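Biologist: Could you take me through the strand pairings in this model, one step at a time?

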Amino acid sequence: MKKDFLKRAKKALTTNWPLKLVALLFAAALWAYVISSENPVRPLEVENVRISYTGMDSLTARGLTVDKRDLQEAVDVTVAAGQQYHKNITADNIRVVADLSDISAKGTYEIKLQTSVMTINASVKRVTNTTVQVKVDDLVQRTIPVRCILEGEPGEGYYVSQPVLSEESIIISGARDELEQIVEAVCHISIDGISQSSKTSHVLELLSAGGEVAPSYIVDGSVPSVIVELNVLSKKTVPIDQQTVKDRVTNIKDGYEAVGVTLNPAEVEIVGSEEALAKIETVQLRPFSAENADKSVLLSAELQIPEGVEVLGSAKVDAYVQIAEIQGQQHFTGVEINAVNLGSGLRATLQTRSADVTVSGGLSAVRGLTRKNVVLYVDLVGLSEGSYVLPVRAEEIAGVDASGVSVGVGSITVTIRRR
């Protein structure tokens, strides 16, 4: 039985096969005709259909607005339509509306979504959400400062001065809770390799107190832009004039003077036009007071900035002023040379009996000296009869260093004899 069935089946499949192929093709064509003529309704899922929030003008008129931080933006919609229409149905053909015009006070509301398909012979079958939650807050305005952030370094030998903004602040409006988080608006400007001035418009970012960038959609309308003018100047390093610096120190105690000044820094960077910088080789200090000092002191001195240039960094430098008493000098001629410590029973004969003496030292000690204050001597201690070449010495003078006493005769011949 089984073998007979298989034979009959094989015969049915292998005989008259051209006729069977024609029948198969005819059946397929007939099915395609039926499908195209009847166009059966099939479901089509469309993702990310944007929600349109209407009635915003009504909220604004009431001093209200929508808190956009957690606002739902889109839903998925399933549409029932003829299969041949599916290719024409997109998110742009579907309208999902949340009407806010009836809201009259701040709070959180559950708003019903109204969904429709703008295609013939199509209808909404299912929406992932039939309602959306909307938080309504007070509509407020805030004035926030604008700041520029320069990024990178200008070209070698150039400097970018402080940016000039068309607006130092901007006014934004939006939900109170959202705007209270905003502390400033910033724009980022690349100055990497820049060598020419510019004036350009830049979009602002809103920053929270923590430095986080807030999304622009929290603002009703759009975030304003700002025009920024960048002034690019030439840069040069010059020393502070050391030849005139001592003359700039004033109000030193009477009888004292500046004998040296050490500056920190000893050179400064200046910026300006190429023409202005070409004329400047050094900068000077403004006169500065030593406040009646009579000893070395660390002071602050201000730079005298030439016209047409600016100093980078501080316009002041540290000045260590070395202060010493003004030096004076007196000259005494023919000062007697005395023989001291001569032994008993001896007498001394000095070949030279006097010498000229010059005394140098602080003016307060030197200017009051007289001949009585200058005493010269040769020391004969321990010497017996004979002839000796001995150094001429000067007694100590109060307030005068020994090196400040210069005797015209360095040594003399002394002869010692018995009486």
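Biologist: In this predicted model, which residue of E15 is the bridge partner of valine 164?

Modeller: Strand E9, residues 164-165, pairs with E15 in the antiparallel sense over 2 bridges. Valine 164 belongs to that short stretch, and its bridge partner in E15 is glutamate 229.

Biologist: Which residue stands opposite glutamate 229 in the pairing of E12 with E15?

Modeller: Strand E12, residues 198-203, also pairs with E15 in the antiparallel sense, here over 6 bridges. In that pairing, the residue that stands opposite glutamate 229 in E15 is lysine 199.

Biologist: Is the face of E15 that holds Glu229 covered or uncovered?

Modeller: In a regular strand the side chains alternate between the two faces of the sheet. For E15, residues 225-230, Val226, Val228 and Leu230 make up the covered face. Glu229 lies with Ser225 and Ile227 on the other face, which is uncovered.

Biologist: Turning to the open sheet of 4 strands, which strands stand at its edges, and why is one side of each left without a neighbour?

Modeller: The order in this sheet is E8-E16-E19-E23, with antiparallel pairing. The edge strands each have a single partner strand, so one side of each is left without a neighbour in the sheet; they are E8 (158-160) and E23 (309-311).

Biologist: By how many degrees are neighbouring strands of this sheet turned against each other on average?

Modeller: With direction ignored, the average turn between neighbouring strands of this sheet is 40°.

Biologist: Which residue in E19 is the bridge partner of lysine 236?

Modeller: Strand E16, residues 232-239, runs antiparallel to E19, residues 267-272, and 6 bridges join the two. Lysine 236 falls within E16, and its bridge partner in E19 is isoleucine 270.

Key: Residues are numbered from 1 along each chain as its sequence is written. This is a predicted model: local features need pLDDT of at least 70, side-chain atom pairs count only at pLDDT 80 or more; totals for chains, interfaces and linings use all residues. Side-chain values use heavy atoms; hydrogens and water are left out. Two strands pair if DSSP finds at least two bridges between them. Axes are lines fitted to C-alpha atoms, for helices over the stretch in contact, and angles run from 0 to 180 degrees between N-to-C directions. Buried means under 20% relative accessible area, exposed over 50%, partly exposed in between (1.4 Å probe, protein chains only).
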